[in-house]
Each structure stands twice: as structure tokens, then as C-alpha cells.
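Me: I'm new to this one. Could you show it to me and then explain how the labels come about?

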Amino acid sequence: MKAGLLSFFEKHQEEISHFFNIGCDASNVFRLDNITHELCQIIGATAVVVYGKAENETKTKDQVSISINRQIVPTEEERLWLQGQIAANYSNEHWYQEKLNRKPTGRLPWEIKQIIEIELFQTGGLKGRVVALFNTSAINRNAIENLIKMVATKIEYAIERDFAQERLIQQNNELSELHQQLTNKNRLFETTLQELMQTKLSADENNQLKSAFLANLSHEIRTPMNVILGFSELVKSSSCSEQERHNYLDIIHQNGLQLLRIMDNLIDISKLKTRHIINSPNLVSVNKILDRQYAYYQKMIQVAQKPITLKIEKGVAAPKDTILSSDEIIEKVLGHLLDNAVKFTREGEVCFGYEPMDHGFLFYVKDTGIGIPKGKEEVIFDLFRQADINATREFGGNGLGLALARKYLGVLGGKIWVESKPKEGSVFFFTIPLMSSKCSQ
């Protein structure tokens, strides 16, 4: 028996030496598949199966390596069949020739005649087994069993290594998934934080705008009130002439109307919030609205003694100027635009009018005033917003008019926009559709 062992090891000395050197250098990777393949070639087996099983308290994990000798099983079809049979039965303790020798077609020249099965180790929840399959009975069974036992530690290490590598890959995948989840949560957190910061900035800005609005509103109310009180005292004086008294009463009247408009603006905000906006639409003469606006602002310019020429341009003559709409909204929007045009024009011209379109009227208000700074063309339509705080201190205003105009036009399905050049003037446009189903009580 010893002579047979020596003869076997001497015959396969080079292969065995190479086998034991697997994994000793970078060019020979220490993997279970490599060991299984080398062992299959050394012992001349038809196939070698190395089976490992790792168990813990929560789960069981199998590791299997199958190597089939290509010289004995030459065709790919037969190799795949044998590998499938082995893969389906490797975990059973008794799966001998009757499982492996079922011929798919015809006689199998590599019919399994000998099986060597050796339990290698069973430590720390790790089990290992080597099964060698032979197509001949003429094998040195004792030498092969001894060789397998000699390399048991190497196989055990390979199995442990493959299990560890698999665990490492799984842990890396879990860590990658966790990293992705944390990255997503971090992005969500950053987005939420940015939204909160933006909300805070908007809230702070709104608070500042409301504070500025209240300060301007106080000034807007006090100024006409002081004018009314002051000129009321002058009217009482017996020393003023009839003409002076008449002029003073005009000033009192105009400032009273100014106060009334401020109160109307505040009421309009409440109406828009409660959606109690206008009554049902009715037939409206646009030319009559323009005439009323012209009379009012011509008087205002005279009382203020401003060097401004007021012009009116009617797009069509009566009765073609009649549309189904809201006279209240058209008057309010024109009023807000003319207020600003007269207010922000030191001298020059204010012109307003309209022209017919296919589905309604296009209104406009032109002035030669201070204009709007570039980039502020949309901001001025927001509630409490004003183009220039310094201009507000000089000319007055509370930041309500244009915002209310846009909201009212939205009710009718109309639009408003502006074209302006700083220090040259502005042109405000707005549209009124012929009919609007949006008008509701």
C-alpha cells in the first residue's frame, strides 16, 4: 500500500507541487474553483465536487464548486448534463450511480463506476465534503483519499475564503444600498432645508413688506387727512375770497376722494380673499367709462397744479364700444393705472385709451414718468411690492394698486403687462374679453 502511495505521489509530483502552490503568488488566485479543477486533473476523476455549508442562528449558506474533466467528458452537452445532475444532488448524502448514470441519449462512455466521498471538516458552523467521481474502477483509492485529506486545510481555507468574499460582497452591497439611502435622505434633507430657508426668507420678506405697507399706509392716510383738516380751517376764515374758498373746497374734495380710494383698496383685498368679487356681468359702454376717468383725473391734475397733459383715445364710436363685462372692474383697473401714471409723472403727458381686438378690447395707459427699473416689470404686480422704495417716499403709494388690477383682470380672464424704460416712461396694457364666464358673485 505504501509503495502504491509513493508511486502515485511520484507520478503526480509536479501536479501536486503546483497544486500546493496555488495562491502563493499574485498570478495564481487562491479560489475554490481553481483548487477543484487542479484536484480533478491530478486524480484523473471524471468530476470533482467540493461542497461547503455554513450555518448560523439565522440562515444556512451553501458553497459548491464542480469541475468536470474535459478529456473524459468531451462534449459540452454531456458536461452540462452531468453538471446539472451533480448540482441537483450534491447536498444529499447518498446520490450514487443510479442518479448520475441516467443516460440522456444512448450509452454514456464515461459511466460513473467509482465514487470517493470524504467529509473534510466540521467546525464553527462550517462543514465541508469532497466527492470524486470516476468512470473506471482501476483507481488508487487509498492514495487519492490520502491526497484529499492532505489538502483538506487548503480546501477548507478556500471554502472559508469564498464564503468570506461572498459575505463581503453582500455587506458591500448592503453598505452601498445604505449609502444610497443616506444620500437620498441627505438630498431630501437639503431640499427640505432649502425650502424651509426659502420659506423663512419669504416670510421675513413678507413681514418687511407688510411693515413697509403699514408705514406707507399711515403716510397715505395722514397726508390727505392733514390737507383736509388744514384747508377746512382756511375755508372757515373770513379773510379768504370766494375764489380761494372754491379752490380750497376742490382740494378738500380731491383729498377726500383719495382717502376713499385707499379705503376701497383695503376693502378690495378682503373681497378677493373671500372671493366675493363682482356681481353678474352687464352691458358696459367703454367710452363712458373713459369719459368719467378723464374728468376725474383732469380735475386731479388741475388741483395738484402739475404740468401734465391728459389725453384720451377711443378705439370705436358708440354703440360699438359696448361689451358684456364688469364696469366696476374696468373702472378700478383704469383707475389704478391712471393713479400711478399721474403720480409718477412730474411733467409731460399721460395718454389712455383702447383699441378693438378679435375677442375683446386692448386698453393702454402711457406716461412720460420715471419709468420702472429693469428687472422689476413683474415684481410690481405682487401685493405690497413697489419698484423703488426711494420713489415711493417721493411720490407716495402703498403697493396695492397693480396687484389688485391683476387679480381683478384674472377674474374676467384678462391679462396685464408693462413696457417701460427708466426715466423715459411706461406703457401699461391690459385686455378685457368680450364675454367672460368667470364672472361670479
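**Two helices and some labels**

Reply: Sure. In this predicted model, helix H3 (residues 32-43) packs with helix H6 (residues 141-150) at an angle of about 160 degrees, their axes being 11 Å apart.

Me: What makes H3 roughly antiparallel to H6?

Reply: The angle does. Angles over 145 degrees count as roughly antiparallel, and H3 and H6 pack at about 160 degrees, so H3 is roughly antiparallel to H6. Their crossing is right-handed.

Me: Which residues of H3 and H6 meet there?

Reply: On the H3 side you have Leu39, Ile42 and Ile43, and they meet Ile144, Leu147 and Ile148 of H6. By type, the residues of that contact are six nonpolar, no polar and no charged.

Me: Why is Cys40 called buried?

Reply: Buried means under 20% relative accessible area. Cys40 has 0%, so Cys40 is buried. Cys351 sits at 3%, which is also under that cut-off, so Cys351 counts as buried too.

Me: How many disulfides does a search of the whole structure find?

Reply: Zero. The test is a pair of cysteine sulfur atoms within 2.5 Å. As a reminder, a disulfide is a covalent bond between the sulfur atoms of two cysteines.

Me: Where is Val131, and why does it count as buried?

Reply: Val131 lies in strand E4 (residues 126-134). Its relative accessibility is 3%, and the cut-off for buried is under 20%, so Val131 counts as buried. Val131 is also 84 residues from Ala47 in sequence, while the two are 8.3 Å apart in space, C-alpha to C-alpha.

Me: What makes Gln305 exposed?

Reply: Exposed means over 50%. Gln305 has 70% relative accessibility, so Gln305 counts as exposed. You'll find Gln305 in the loop between helix H9 (286-304) and E6, with a positive phi of about 55 degrees although it is not a glycine.

Me: And why does Lys423 count as exposed?

Reply: Use that cut-off again: Lys423 comes out at 77%, over 50%, so Lys423 counts as exposed. Lys423 is in the loop between strand E10 (416-421) and strand E11 (425-433). Phi of Lys423 is positive, near 70 degrees, in a residue other than glycine.

Me: What is the omega of the cis peptide bond from Ala318 to Pro319?

Reply: Omega is near 5 degrees for that bond. Pro319 itself is in the loop between strand E6 (308-313) and strand E7 (322-325).

Me: Finally, how many helices and strands does the chain have?

Reply: The chain has 12 helices and 11 strands, and buried residues make up 39% of its 441 residues.

Conventions:
Residues are numbered from 1 along each chain as its sequence is written. This is a predicted model: local features need pLDDT of at least 70, side-chain atom pairs count only at pLDDT 80 or more; totals for chains, interfaces and linings use all residues. Side-chain values use heavy atoms; hydrogens and water are left out. Axes are lines fitted to C-alpha atoms, for helices over the stretch in contact, and angles run from 0 to 180 degrees between N-to-C directions. Helices (H or I, at least four residues) and strands (E, at least two) are DSSP runs, numbered from the N terminus. Angles under 35 degrees count as roughly parallel, over 145 as roughly antiparallel, 65 to 115 as roughly perpendicular and the rest as oblique. A crossing is left-handed if the near helix is turned anticlockwise from the far one by less than a right angle, and right-handed if clockwise. Contact means heavy atoms within 4.5 Å. Ala, Val, Leu, Ile, Met, Phe, Trp, Tyr, Cys and Pro count as nonpolar, Asp, Glu, Lys and Arg as charged, and the others, Gly among them, as polar. Buried means under 20% relative accessible area, exposed over 50%, partly exposed in between (1.4 Å probe, protein chains only).
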